[in-house]
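Trainee: I should like to learn how to read this structure feature by feature. Could we begin with the broad architecture and then turn to local details?

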Amino acid sequence: MGEPTWTREKLQRLVYREIGDYQLIVVSNRQPYVHEMVEGKLSYTSTAGGLTTAIDPLMQECGGTWVAYGGGKGDSIAVDANNRIQVPPDDPSYTLRLVWLTEQEEQGYYAGFSNEGLWPLCHNAFIEPTFQLSDWETYKSVNNVFAEQVLDEIDGRPAAVFTQDYHLALLPRLLREADPDIITGQFWHIPWPTYEIFRICPWGEELLDGLLGNDLLGFHIGDHCDNFMEAAGRVLGSQVHDEYNLVYQREEPTLVRPFPISVDFEQINQESQSPEVTEEMDRLIEELNLGGKVIGLGIDRIDYTKGIPHRIRAIGRFFEKYPEYIGQVVFVQAGVMSRANIHAYQQLSDQINVELESVNGRFCTDDWQPILYLPDDLPAVTLAAFRRIARFCVVSSLHDGMNLVAKEYVASRFDEDGVLILSPFTGSAHELTDSVIVNPYATEDFATAICEAVEMPYEMRRERMKRMRGVVEENNIYMWAARLFVDMMQGTRRSHRPIRSP
Ligand code: GDG
């Protein structure tokens, strides 16, 4: 018998038991809800991306405060005098506290050091990282701004701070120096590179030392933990105990463990059965002329790590190799543009357009287009409808910490149909072994994999989808949160501190 499935209620009970008098503070760059002024009226949107998908349901259950950068035009109007607002706006259950940054700070810390430096450094996508001293200085000062805000929120009370991602690598050390009693945990949502790559970073020592201010540091998979521990040992000379996953820096331990992130299986499963989704399916099939066709689907933030040009090339090759499918298969590529002010992303956009023109130009007929490209922030109901319409979903990342799109597709297929084509360079490929796994660089194999997905008999699709659904149902977001939470609260340093009972 496997471990029983984790639910919101079970997680809530666990948090209640473990948290005692500690307040839970989540810190991330991106806020879960952005406020905008539309025609003089305040409105909000929930932000796209893996982080919000994973942490928002956790905070809705646990309460506490989420500290994040307020980047929306309506944010300063929405908050109270202490820069706080209760969210989700429609059914408030936790506090969002916003941090304000100047344009220059956002440029240097976010676009610069985080996304032109760390992001390409951590992903094997052959985009050269750029490291500018001024960006690094801004990154350090913004991490200090976050630390001040978090300490102000804590106000000397017992607190557990759960930091997200690569924008805030220096925060845990700053918190620890200010108050060694704060419990610190961090989850790194992207891969950690090998030592050979990591040492490219001119400020690698400071980054590692910052992260080793954590009691607990989580990555998606064991390989990333191993890479991190090796870097700590070789760059910083920290003591590394591989057998216990412990790194000692300044004579204090950090537990480094894999926690494969996931999705809210049950919610996606339920939502995808709603009448709204069925209506949306009918609308899309009608409007996009998809009736009677086999539909393939990609949903991605438009990012060079997601292998979108590789996917389009493979679709082109598929129609070349299997011309009997011309007019029969339509590939829908959806997804939201991101980081559009960074040169590498503008180049990617141009490259996608060139690849699209090449495939659509070659194969288009009077009433059929092989690839429909919808680079918009599509509403959740539309994405849910596409997942149900799609016979197969393609995730072709060149490198990806986990990839939630793959798990969302599986969770939404309550009909137990559908094929997932998945890159081996994703964290998800470690769990979703019943997908069709294919190297996105191997165009020929990729085209064959698409054909395999199109032709896979119903019984086989069903068996494989059933097994994958079992995996995602079991290893859901609540299990991820529960394991992280327990390790953070009961970590090695924590053991000598009293747990205050509720
Ligand atoms: C990072 C790591 C890791 C996409 N387009 C739209 C939209 N989405 C949603 C998807 C999914 C999320 O965004 C993307 O999550 P991923 O996991 O695929 O990727 P990253 O954003 O790169 O996330 C990744 C993740 O953190 C969590 O740790 O898995 O490896 O890179 O939920 O459905 N949502 C909406 N409109 C869109 O157009 N509303």
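Mentor: Let us start with the domains. In this predicted model, the C-alpha centres of domain 1 and domain 2 lie 30 Å apart. The contact between them takes 29 residues from domain 1 and 26 residues from domain 2.

Trainee: Which residue ranges does the domain assignment give for domain 1 and domain 2?

Mentor: Domain 1 comprises 8-262 together with 478-494, and domain 2 comprises 265-474.

Trainee: What is the area buried between domain 1 and domain 2, and what do carbon and sulfur atoms give?

Mentor: Buried area is what two parts lose in accessible area on being put together, summed over both. Here that area is about 2,000 Å², and carbon and sulfur atoms give 61% of it.

Trainee: Where does the ligand lie relative to domain 1 and domain 2?

Mentor: One asks which domains give residues to the shell. Domain 1 and domain 2 both do, so the ligand lies between them.

Trainee: How many residues are around the ligand, and which come nearest?

Mentor: There are 24 residues around the ligand, and those that come nearest are His189, Arg301, Asp400, Leu404 and Glu408. By class, ten residues of the shell are nonpolar, eight are polar and six are charged.

Trainee: Which helix gives the most to the shell around the ligand?

Mentor: That is α15, with three residues. Both α2 (50-62) and α15 (404-412) supply at least two residues each.

Trainee: How should I read the polar contacts of the ligand?

Mentor: One looks for pairs of N or O atoms within 3.5 Å. A polar side-chain atom of Asp377 is 2.9 Å from a nitrogen atom of the ligand. For Gly401, a backbone N or O atom lies 3.1 Å from a ligand oxygen atom. In the side chain of His220, an N or O atom is 3.4 Å from an oxygen atom of the ligand. As for cover, the ligand on its own has 740 Å² of accessible area, and the protein covers 92% of this.

Trainee: Which backbone features deserve attention?

Mentor: Consider peptide geometry and phi in turn. Val87 and Pro88 are joined by a cis peptide bond, with omega about -10°. Pro88 belongs to the loop between β5 (84-87) and β6 (94-99).

Trainee: What is the phi of Arg250, and where is this residue found?

Mentor: Arg250 has a positive phi of about 55°, although it is not a glycine. Arg250 sits in the loop between β11 (246-249) and β12 (252-258).

How values were computed: Residues are numbered from 1 along each chain as its sequence is written. This is a predicted model: local features need pLDDT of at least 70, side-chain atom pairs count only at pLDDT 80 or more; totals for chains, interfaces and linings use all residues. Side-chain values use heavy atoms; hydrogens and water are left out. A residue is near a molecule or strand if one of its heavy atoms lies within 4 Å of it. A polar contact is a pair of N or O atoms within 3.5 Å; within protein, one must be able to donate a hydrogen and the other to accept it, and residues adjacent in sequence count only if both atoms are side-chain atoms. Accessible areas come from the Shrake-Rupley method with a 1.4 Å probe; for residues, only the protein chains shown count as cover. Helices (H or I, at least four residues) and strands (E, at least two) are DSSP runs, numbered from the N terminus. Ala, Val, Leu, Ile, Met, Phe, Trp, Tyr, Cys and Pro count as nonpolar, Asp, Glu, Lys and Arg as charged, and the others, Gly among them, as polar. Domain bounds come from an automatic or database domain assignment. Contact means heavy atoms within 4.5 Å. Buried area is the accessible area (1.4 Å probe) that two parts lose on being put together, summed over both.
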